[in-house]
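The following exercises ask you to work from the coordinates to a reasoned reading of strand pairing, burial and contacts. Please attempt each task before reading its solution.

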Amino acid sequence: MRLEDSEAVDFHIHTSFSDSEASIHDLINEAAESGVQRISFCDHANITDRNKNYGSNNRFYDPAIFPSGNPGQKNFYHVAKVFDIFESREYALIEEALDNDRCVLTDAYDLESLPDRVTDPDAVDIEEEPVLVHNGIELDYNPPIAEASTLEEENEIVSGYNTRLKILLALAENRTTCHELYIGGEFREVEKQGIGFDVRLGSVHDVFVGGKPCYVKKDDRFKGLSREDRAEVVDLYFRKLEHLVDSEIYDICAHPSLIERNDRLMRSLPTGDFDTRDEQLSSYYSSLIESFEDSKTIPEFNGKGVERQEPGSVFWELVKERDLPHTRGSDSHRLGEISSRMEDFEQVEEGKRPCKPAK
Ligand SMILES: [Zn+2]
Ligand SMILES: [Zn+2]
């Protein structure tokens, strides 16, 4: 996907279908009022073990919205945040699905099964230009590369993982009803067939330490690690990102500079050959940019980082310098964040705020 520079887009919006509380129609209204012309809802939609008990306090799984089907049921919806979609049991489910013609990955927006929530035409009042709404997905990218002891082994693991991920996405696209909606005074479906996802966001959220997923943004497990081990975590993170970009499985690589939000990990840089943290990050990002230059996957300028004055300092300077195609995503999780983050983007792009955060 290559984007028109002139178009105001936000391809990274979460809804109450995953970990946001905002409804689809409120979000569409907000986007329209903020002058955003094209959006996609990209809820977390990872495959998971259907027998896990997600309970009422797990906000990623609301049984009222996604009734868990029994194994023989065709429409089997399940949304849950899991950290490794290819643990053996889950992979077995993919294989089962291939045999049994069964959907195991959710379609986050099956309007037919959710009539009260989103299909009321009066619920959406677009006064000005219609907002173009795409069907998206945010899917974790987790090849278990920490288990490899040689580069060759790592490549093998990654290629096996990517194959399974492609099967998974193909399954999701074939077996779910996806919708492309044009909103223009009325809420209507113009296309309703197995068209798959228009916008696929790939994310590296976690690095595995001792076999356990650690959310790079904040996980406490990094606390007990030595400085060298923390530096290794950063290294693993960037290797995963590169694999993600090289795979071309996704349209967009979401929040590539996520790890910069973890002070503890950032403090473990630089190591070895570099004098400063920025120099080391530059080296990671330069090599990531080379991957982007050879890939159809483009990086996302993430709204949460911009809000915190952290648009991925060195990375975004390099993106600008190399004139690399990129996109914007508010990564909004509540109402008001699309509009506030779009303003933040404007400010950075008009040079009213520094791209590089104050240290
Ligand atoms: Zn994310
Ligand atoms: Zn997200």
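**Exercise 1: strand pairing**

Take as the starting point that Phe-301 stands opposite Arg-328 in strand E11, and work out how strand E10 pairs and how covered it is. The model is a predicted one, in which local features need pLDDT of at least 70, side-chain atom pairs count only at pLDDT 80 or more, and totals for chains, interfaces and linings use all residues. Residues are numbered from 1 along each chain as its sequence is written, and chains are lettered from A and ligands numbered from 1 in the order in which they are written.

Solution. Strands (E, at least two residues) are DSSP runs, as are helices (H or I, at least four), numbered from the N terminus, and two strands pair if DSSP finds at least two bridges between them. E10 (residues 298–302) and E11 (residues 327–329) pair in the parallel sense over three bridges. Strand E9 (residues 252–253) also runs parallel to E10, joined by two bridges, with Cys-253 opposite Pro-299. Five of the five residues of E10 are buried, where buried means 20 or more other C-beta atoms within 10 Å of a residue's own, exposed 12 or fewer, and partly exposed in between, with C-beta atoms placed from the backbone.

**Exercise 2: Glu-138**

Establish why Glu-138 is buried, and which residues Glu-138 touches.

Solution. Glu-138, in strand E3 (residues 132–140), is buried because 28 other C-beta atoms lie within 10 Å. Leaving out residues up to four places away in sequence, Glu-138 touches Cys-42, Asp-43, His-44, Leu-201, Ser-203 and Ala-254, contact meaning backbone-placed C-beta atoms within 7 Å.

Notes:
Contact = placed C-beta atoms within 7 Å.
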